[in-house]
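Student: I should like a close look at a single part of this model, namely one of its pockets, followed by whatever else can be said about the strands and helices. Please give the account as one connected answer.

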Amino acid sequence: MLATPHHVMFHPIQRTYTVITTTPRPYKPRASELVNPDDLEAKEDLQNRLKMYHSTAVPHATQDHYIIKLYTAGTWELLDSIELDENEAVVSAKTVQLSKEDRSQQYGNDDDELNLRLRKGSETTTLQCVGSGFIVPEDLPCRGRLLLLEVFPNISSKKGDRKLLKLYHDNTKGPVTAICSLNGYLVVAVSSKIMIYFYDWSTKRLIIASFFDAQFYITSLSSIKNCLAYGDAFKSTYFLRWREETRQLTFLGKDFNPCQVASTSFVYEGPQLGILFSDSNNNITVLSYSPAVEESSGGLILLPVADMNVGSLIPCFVSLRAANQTRSLDKSVSVFGMLNGSIGVILAIDDGSYRRLHRLSVRMHTEIPHSAGLHPKSHRIYQGERKLRFRSKYRSPNIIDGDLVLKFAEQNTVTQQNLVTKIGTRLEAIFTILMNINREIPIV
């Protein structure tokens, strides 16, 4: 049967893909969602009207029915599937790493250092978490459901097939809008509240460890080590820190420029960490938590250090480790997909390479012909207004337009030599930088 995919999760150990798809089915609202369950007369009347509606020959309204399907990574053979309830829509899905140790006891002050040292080497397991929301009329509150799934080998099958096991599921007081894992904990965003759970393997239940009240509506969650960033539908990006010894989320800073955040991620190079997010104006922005800078008010204001317009909305980021690293300095590669069907990459580079490529891109703005005579710089300018005036001091593109720089290799030898002469460098240096960038991107 033909279906539309919405979410894809990869299991690195079992080598399987969990795909969440939808198929159109006739709309069948439940009576409990349309009337008060205590009003028996109204409920009976509604059931009679629905029975008459479904018995007529008029075209019926359809809705998407969600199904969780498990496929093999090689042949894409369907192994297992789980059908969700009627009127239930999957909002978020992600592969998470949860701890296997017992965290049901509160840590004491005397054993904090020992517990922290033990938890750094705690064993984790790979699970898959799905968050959903129920479609109801506007006069009723929206509910949700949280499902925790495990992919396990099917012992009864001789082919080595795998199955989906529903470890835990529970209803929530709102739609589950975002999911991620943090130091072995499960972080779940339920509308405007962040809930942190740990899985109790003895009772097979998720137990809440902490919570944090956000602003309006959380659209994205990202974590790295003990740091957490979330994007709000109206109030931009926030930066938090998880204190495991006290089980608390501490607010560190936020972006005071109101915008509609679509997705968040982290980008790092060695000890330097940046908060990456995309907004509804097709911009990508990198924020820095710099408490030592006076204008950041002790870190309360996240300073923008780089921004660029990509021309299309970015619904998700995937953070990977850079490949073929010639130095001991660790760095990340952020891969993102856009709604126009294209894929982009953000890679951190050193200062020397940035200066050469920046001077080269400035020269290429005017030295080579462009498509339809359009200036590429105007296309990459940040779209939107900055609320704080001092931000104009820190606002700088600081992101090299890779599409423009890669056109350098397409030019003839005379044009290439003229460009490198005007920026005061050598032709071999530019090609070395471009080849190193190509080696560090772990994408075929």
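Tutor: In this predicted model, the second largest pocket holds about 1500 Å³ of space. Its lining is made up of 43 residues, and those closest to the centre are Ile-346, Leu-347, Ala-348, Ile-399 and Ile-400. Strand 23, residues 343–347, gives the largest share of this lining, with five residues. Sorted by class, the lining of the second largest pocket comprises 28 nonpolar, eight polar and seven charged residues.

Strand 23 also belongs to a sheet. Three strands make up this open sheet, in the order 21-22-23, with antiparallel pairing. Strand 21 and strand 23 are the edge strands, each pairing on one side only. From one strand to the next, the twist averages 25°. Within the sheet, six bridges pair strand 21 with strand 22, residues 332–337, in the antiparallel sense. One residue pair can be named here: Arg-321 has Ser-332 of strand 22 as its bridge partner. As general background, strands of a sheet pair through backbone hydrogen bonds, in either a parallel or an antiparallel manner.

Strand 21 leads to another pocket. Strand 21 (316–321) is among the strands that each supply at least two residues of the lining of the largest pocket, as are strand 1 (4–11), strand 5 (88–99), strand 9 (176–182), strand 13 (218–224) and strand 17 (261–269). The volume of the largest pocket is about 1800 Å³. A total of 49 residues line the largest pocket, and Lys-94, Ile-179, Leu-221, Phe-317 and Val-318 lie nearest its centre. The class count for this lining is 25 nonpolar, 19 polar and five charged residues.

Strand 5, another contributor to the lining of the largest pocket, takes part in an open sheet of four strands, ordered 5-6-7-8 and paired antiparallel. Strand 5 and strand 8 (162–172) stand at the edges with a single partner strand each, so one side of each has no neighbour in the sheet. On average, and with direction ignored, neighbouring strands of this sheet are turned by 25° against each other. Strand 7, residues 144–153, runs antiparallel to strand 8, and ten bridges join the two. In this pairing, Leu-149 has Lys-166 in strand 8 as its bridge partner.

A further antiparallel pair consists of strand 11 (residues 193–200) and strand 12 (residues 205–213), joined by eight bridges. Ile-194 stands opposite Phe-212 of strand 12. The hairpin of strand 11 and strand 12 has four residues between the strands, and Lys-204 takes a positive phi near 60° there.

The helices remain to be described. Two packed helices are described by the angle between their axes and the distance between the axes. For helix 8 (residues 413–422) and helix 9 (residues 427–440), the axes come within 9 Å and cross at roughly 95°. Because angles of 65 to 115 degrees count as roughly perpendicular, helix 8 is roughly perpendicular to helix 9. Helix 8 makes the contact through Gln-416, Gln-417 and Val-420, and helix 9 through Leu-427, Ile-430 and Phe-431. By class, this contact has four nonpolar and two polar residues, with no charged residues.

Notes: Residues numbered from 1 in each chain as written. Predicted model: local features only at pLDDT ≥ 70, side-chain atom pairs only at ≥ 80, totals over all residues. Heavy atoms only, no water. Axes fitted to C-alpha atoms, helices over the stretch in contact; angles between N-to-C directions. Parallel < 35°, antiparallel > 145°, perpendicular 65-115°, else oblique. Contact = heavy atoms within 4.5 Å. Nonpolar A, V, L, I, M, F, W, Y, C, P; charged D, E, K, R; others polar. 1 Å grid on protein atoms, 1.4 Å probe; cavity = no way out; pocket = protein on both sides within 12 Å on 5 of 7 lines; lining within 4 Å. Points joined across faces, edges and corners; volume = space filled by probe spheres on them. Pairing = 2+ DSSP bridges.
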